[in-house]
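Q: I'm new to this one. Could you take a close look at the nonpolar core and then show me what else is around?

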Amino acid sequence: MPREFYSASEAAQTLGISLDTLRRWDRQGRIKTKRDSSNRRMFTAREIDRRRGDSHAGHQMSDRNRFSGIVRNVRVEGLKAQVEMVVTEPAVLTAIVTADAVEELGIKPGNHVVAVIKSTSVMVEH
């Protein structure tokens, strides 16, 4: 049976954000919460899907900010890693991310990833 509710820590982990960020989103009204009988934050699976941008729930950012592609090269130097990807559109994007993120996401050449463009930063989803 599919899961209906997530605790705050489970929701933060699923969304790939810190618990502090999740609480801030709640205070700012950026994510919808419910409270259980002990007044703890609870999040519906549908709300988690919406914030993750799952296709059936609709993207949280416009599609012009998302590029799907294949990782061409990963270069790790100290704490930082450079992820070069060839996107479906006629372009190549390069993201500078932490080495920990590359390891945690298991990013390797040939992986399919999504680049999310936000301000002057490029984030990588896997």
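A: Here is a walk through the cores, followed by a pair of helices and two single spots. The model is predicted, so to speak of local features takes pLDDT of at least 70, and side-chain atom pairs count only at pLDDT 80 or more, while totals for chains, interfaces and linings use all residues. Residues are numbered from 1 along each chain as its sequence is written, and side-chain values use heavy atoms, with hydrogens and water left out.

A nonpolar core here is a set of buried Ala, Val, Leu, Ile, Met, Phe, Trp, Tyr and Cys residues joined through side-chain atoms within 4.5 Å, with buried meaning under 20% relative accessible area (1.4 Å probe, protein chains only). The largest has 13 residues, and Val 83, Met 85, Val 97, Val 102, Ile 107 and Val 124 touch the most other members. Strand 5 (80-87), strand 6 (91-98) and strand 7 (112-118) each give it two or more residues; strands are DSSP runs of E, at least two long, and helices are runs of H or I, at least four, numbered from the N terminus. Strand 5 supplies the largest share, four residues. A second, separate core holds 11 residues, including Ala 11, Leu 15, Ile 31 and Ala 45.

Now the helices: the axes of helix 1 (residues 8-15) and helix 3 (residues 45-52) come within 10 Å and cross at roughly 30 degrees. Axes are lines fitted to C-alpha atoms over the stretch in contact, with angles from 0 to 180 degrees between N-to-C directions. The two helices are therefore roughly parallel, a label for angles under 35 degrees.

Lastly, Asn 39 sits in the loop between strand 2 (34-35) and strand 3 (41-44), and its phi is near 70 degrees, a positive value in a residue other than glycine.

Technical notes. Buried means under 20% relative accessible area, exposed over 50%, partly exposed in between (1.4 Å probe, protein chains only). Angles under 35 degrees count as roughly parallel, over 145 as roughly antiparallel, 65 to 115 as roughly perpendicular and the rest as oblique.
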